[in-house]
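The following exercises are meant to be worked with the sequence and the coordinates side by side. Each task is followed by a solution that proceeds in steps.

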Number of protein chains: 6
Amino acid sequence: MRISARNRLKGKIVEVKKGQTTAHVRIDVNGMVVTAAITNDAVDELGLKVGQEAYAVIKASDVMVGLD
Amino acid sequence: MRISARNRLKGKIVEVKKGQTTAHVRIDVNGMVVTAAITNDAVDELGLKVGQEAYAVIKASDVMVGLD
Amino acid sequence: MRISARNRLKGKIVEVKKGQTTAHVRIDVNGMVVTAAITNDAVDELGLKVGQEAYAVIKASDVMVGLD
Amino acid sequence: MRISARNRLKGKIVEVKKGQTTAHVRIDVNGMVVTAAITNDAVDELGLKVGQEAYAVIKASDVMVGLD
Amino acid sequence: MRISARNRLKGKIVEVKKGQTTAHVRIDVNGMVVTAAITNDAVDELGLKVGQEAYAVIKASDVMVGLD
Amino acid sequence: MRISARNRLKGKIVEVKKGQTTAHVRIDVNGMVVTAAITNDAVDELGLKVGQEAYAVIKASDVMVGLD
């Protein structure tokens, strides 16, 4: 599927941690680790595993800007 | 302010485009461009300008995972 | 791309309305019209047009439950 | 309460699964199942149960568009 | 409608500013001004006007925590 | 960090409840309790505790408007 979300950051999955309903998936994107909180069901359906290539996908309206 | 958002990607602002109420700010993070849709008011308050160092800040629950 | 978002509702685009930065795309899903607010850039990149088959894609953590 | 959220999809609850803090509620909307991740507290306060009529409520800025 | 969103902050509308597609509505909640970015369509459908009593409604998964 | 999020409501933490991956943090803001669903990791990193002064931080595009 092609998706309207503006941000698709390619990397490699470095951690998959499931809770009771919500899982945390960490993706290393060029040395920065991006954390995604998704459903356990999505982890199972996509078969997400450490070492896989994957994208962190983020809608532009969910990105804020910060300054030091 | 220290913030709970898990994802703070450091980069440099490469575009600031204001609409009537919503602005798009693009931040180059290690060669990947991240787009943020924020209010014009936030752009003005923070004085966001091309060339500034800035962070793309994203709550973990707003990150999805995609596979090729 | 396969995506972790749990909700992918298939329908047909019935309206594309661009603002200065933000566009509204309406998708008829079995007679219910779903409204998406996305960037103009996404509309252009995907070439979204009235009459196209498309999905409304929604992350589970963005869905609320209401009762009458 | 009348709410600004553009998308209110009427259906029937087909599953309520509570985790430690986050619950998944599935609503059958004309044969499509929509998944909502909400707090356990919300499930309790609203008394959500399988078989109830309910709405999946989604803000337009949380809807993406996908193409095959 | 009763809604699962955990946060419903009662106040009074102090500003309604429409753009081409997105409007900003400001609600004074006990002296704090909360800004909502919603569709122009929602403003029209609800007939939002300065001086009205209204709620700022926010899903718990969209709230972050900050420390000084 | 200065952040683009428009809404920063100052209060005091009145509850921190961790699940397996997701925590609920409640902040009393002038007598209104605001609930945030954040990661356990964020709770640990920030050292969030009952009694601390903290802000509920919310992006404007995540705020809806409701009417009675």
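Buried area is the accessible area, taken with a 1.4 Å probe, that two parts lose on being put together, summed over both. The model is predicted, with an ipTM of 0.98 and a pTM of 0.98. In chain A the average pLDDT is 98, and 100% of the residues score at least 70.

**Exercise 1. The contact of chain D with chain C**

Task: Work out how many residues the contact takes from chain D and from chain C, how much area the two chains bury between them, and which residues of chain D lose the most area to chain C.

Solution. Step one is the count of residues: chain C contributes 33 residues to the contact, and chain D contributes 33 residues. Step two is the area: about 2900 Å² is buried between chain D and chain C, and 65% of it lies on carbon and sulfur atoms. Step three assigns the area on one side: M32(D), V65(D) and L67(D) lose the most to chain C, and together they account for 21% of what the side of chain D buries.

**Exercise 2. Polar and charged pairs across the interface**

Task: Determine how many salt bridges the rule finds across the interface of chain D and chain C, and then describe which strands and residue classes make up the side of chain D that touches chain C.

Solution. Step one applies the salt-bridge rule, in which a side-chain nitrogen of Lys or Arg must lie within 4 Å of a carboxyl oxygen of Asp or Glu. Across the interface of chain D and chain C, two salt bridges satisfy it. One of them joins the side chains of K10(C) and D68(D), with 3.8 Å from N to O. Step two widens the search to polar contacts, for which ten residue pairs are counted between chain D and chain C, both residues being at pLDDT 80 or more. Step three turns to the strands: β2 (7-18), β3 (22-29), β4 (32-39), β5 (53-58) and β6 (64-67) of chain D each supply at least two residues of the side that touches chain C. Of the elements on that side, β4(D) gives the most, with seven residues. Step four sorts the side of chain D by class, which yields 22 nonpolar, six polar and five charged residues.

**Exercise 3. Strand pairing around β5(D)**

Task: Establish how many bridges join β6 of chain C to β5(D), and follow the pairing onward from β5(D) to β2(D) and from β2(D) to β3(D).

Solution. Step one crosses between chains: strand β6 (residues 64-67) of chain C runs antiparallel to β5(D) and is joined to it by three bridges, with V65(C) standing opposite A56(D). Step two stays within chain D, where six bridges hold β2(D) and β5(D) in an antiparallel pair, and where G11(D) has A54(D) as its bridge partner. Step three reaches β3(D), which also pairs with β2(D) in the antiparallel sense over six bridges; here R26(D) is the bridge partner of E15(D). These two strands, β2(D) and β3(D), form a hairpin with three residues between them.

**Exercise 4. An open sheet and its edges**

Task: Give the strand order of the open sheet that contains β6(E), and explain why one side of each edge strand is left without a neighbour.

Solution. Step one reads off the order, β1(B)-β6(E)-β5(F)-β2(F)-β3(F)-β4(F), in which six strands pair antiparallel. Step two considers the ends: β1 (2-3) of chain B and β4 (32-39) of chain F each have a single partner strand, so one side of each lacks a neighbour in the sheet. Step three examines one pairing inside the sheet, that of β3 (residues 22-29) of chain F with β4(F), which run antiparallel over eight bridges; H24(F) there has A37(F) as its bridge partner.

**Exercise 5. A backbone angle in two chains**

Task: State what the phi of N30(B) is, and where N30(B) lies; then treat N30(D) likewise.

Solution. Step one recalls the background: most residues other than glycine have a negative phi. Step two takes N30(B), which is not a glycine and yet has a positive phi of about 50°; N30(B) lies in the loop between β3 (22-29) and β4 of chain B. Step three takes N30(D), whose phi is positive at about 55° although N30(D) is not a glycine, and which is found in the loop between β3 and β4 of chain D.

Terms used: Residues are numbered from 1 along each chain as its sequence is written. Chains are lettered from A and ligands numbered from 1 in the order in which they are written. Side-chain values use heavy atoms; hydrogens and water are left out. pLDDT is the predictor's confidence in each residue, from 0 to 100. Contact means heavy atoms within 4.5 Å. A polar contact is a pair of N or O atoms within 3.5 Å; within protein, one must be able to donate a hydrogen and the other to accept it, and residues adjacent in sequence count only if both atoms are side-chain atoms. Helices (H or I, at least four residues) and strands (E, at least two) are DSSP runs, numbered from the N terminus. Ala, Val, Leu, Ile, Met, Phe, Trp, Tyr, Cys and Pro count as nonpolar, Asp, Glu, Lys and Arg as charged, and the others, Gly among them, as polar. Two strands pair if DSSP finds at least two bridges between them.
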